[in-house]
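Thanks for sending this one over. Here are some notes to read with the model open beside you.

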Amino acid sequence: NLANLLREEGRLAEAESSYLEALRLMPDYPDALNNIGIVLGELGRPDEAIAHYERALAISPNSAEIYNLLGNVLLAGGRPGEAEAGFRRAIELNPDYADAHEGRATAIAAQGRPEEAEFSYLEAIRLNPENTTANLNLAGMYLKYGDSDRALSVYERLILLQPEVVGAHLGKSRALSALCRDGEAVDSIRHAAGLDPENEMLVLASEVYCPALMEGTDEIERRREEIDEALGRRTPGSILLNPDEILRWGTEPSFYLAYHGKNDLAIRSKYADLFRVDDLAEPKGSGEEIYRIGFVVTERHEGIFLSFMEGILKNMFDDRLEVNVICVE
């Protein structure tokens, strides 16, 4: 019980110690084995978590909950194929286990099988219509594969059920933006920021929003000035750099700035200056006078990358250059 309280308070290392003490007193204590697995997963030690779940399954081989927990930690550890098997076994033991259907869907989606993932997400939502993560993940998958209308319908349904879910309003904004309904998109992202005004990344995202299409040069100038002023109101170095948070809230400078035919250096520099990196280690270097250049290619942009950059890559012959192409899944 002490370990459970410590885990709820986020004191994971102390919770681990208490779970271990419980297991010392009773090595086959199922709840302690399950819960220490959760803690170890949150501490980024998936292999140890898996070992505890396997011990728990040796005691309770027909526990759908343990198979679901095992699937979660395998998924978090980047092993979606094995995770899918765990979730599938949980569903065999309990066909109405909504969380297991959701986990299986996420594992399948991670393996690039969206049609199967959609089926499992829908089953999870049928069993529990207010399953927040299942709804958000399904809508996010629709967005990823270009089905913005269906994504929007999922976000809107979730908002009707749970109007305070920030992620639903943020996702709705992205779907509306993809549909070029920019006025509504701005309203949605601002509504999301209003629900969580202490989230500086989300508030910043609402301030630097840039529509895909604008009516003319006057609107382009006005919107760029608004973004520049929003960035200028903030203190340089006031935000700790966390790339995951930037991607989560969509706070990076808008891709659409490049289409305005303007010099983006000032805006992008102001944006970059907002962030700081604590405890940055100095690069050691190789001792060689070689410049390493990386070209990042994001998913589904491979064709346009080759169209514009192939000639440059093929002609970058210089002994001082090491050229790398970095592909992002």
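1. Let's start with Phe295, which is found in strand S3. The model is a predicted one, so please read each value here as computed from it. With a relative accessibility of 16%, Phe295 counts as buried, because the cut-off for buried is under 20%.

2. Which residues does Phe295 touch, not counting those up to four places away in sequence? The set is Phe305, Met309, Leu313, Met316, Val323, Asn324, Val325 and Ile326. As for Leu240, it lies 55 residues from Phe295 along the chain, and the two C-alpha atoms are separated by 25 Å.

3. Strand S3 (291–297) turns up again at the largest pocket, where it supplies at least two residues of the lining. Helices H9 (132–144), H10 (148–161), H11 (166–178), H15 (243–249) and H17 (302–314) each do so as well. The largest share comes from H11, with eight residues.

4. The volume of this largest pocket is about 2,400 Å³. Its lining counts 44 residues, and those closest to the pocket centre are Arg174, Leu247, Gly250, Glu252 and His301. If you are thinking about chemistry, the lining divides by class into 25 nonpolar, 11 polar and eight charged residues.

5. How many cavities of 30 Å³ or more does a search of the whole structure find? The search returns one, and the volume of the largest cavity is about 40 Å³. Val208, Ile227, Leu231, Pro253, Ser254, Leu257, Ile267 and Tyr271 line the largest cavity. Two or more of these lining residues come from each of helix H14 (217–232) and helix H16 (265–273). By class, seven residues of the cavity lining are nonpolar, one is polar and none is charged.

6. Helix H6 (residues 80–93) makes a nice check on geometry. At 1.5 Å a residue, its 14 residues should span 20 Å, and the end C-alpha atoms are indeed 20 Å apart, which agrees.

7. Where do the buried residues of H6 sit, seen down the axis of the helix? These residues are Ala83, Glu84, Gly86, Phe87, Ala90 and Ile91. Viewed along that axis, they fall within an arc of 165 degrees, so they line one face of the helix. Helix H5 (64–76) and helix H7 (98–110) are among what covers the buried residues of H6.

Definitions and conventions. Residues are numbered from 1 along each chain as its sequence is written. This is a predicted model: local features need pLDDT of at least 70, side-chain atom pairs count only at pLDDT 80 or more; totals for chains, interfaces and linings use all residues. Side-chain values use heavy atoms; hydrogens and water are left out. On a 1 Å grid over the protein atoms alone, a cavity is a set of points where a 1.4 Å probe fits but cannot get out, and a pocket is an open set with protein on both sides within 12 Å along at least five of seven lines; lining residues have an atom within 4 Å of a point. Grid points are joined across faces, edges and corners, and a volume is the space filled by probe spheres set on the points. Helices (H or I, at least four residues) and strands (E, at least two) are DSSP runs, numbered from the N terminus. Ala, Val, Leu, Ile, Met, Phe, Trp, Tyr, Cys and Pro count as nonpolar, Asp, Glu, Lys and Arg as charged, and the others, Gly among them, as polar. The expected span of a helix is 1.5 Å times one less than its number of residues. Buried means under 20% relative accessible area, exposed over 50%, partly exposed in between (1.4 Å probe, protein chains only). The arc is that of the directions from the helix axis to the C-beta atoms. Contact means heavy atoms within 4.5 Å.
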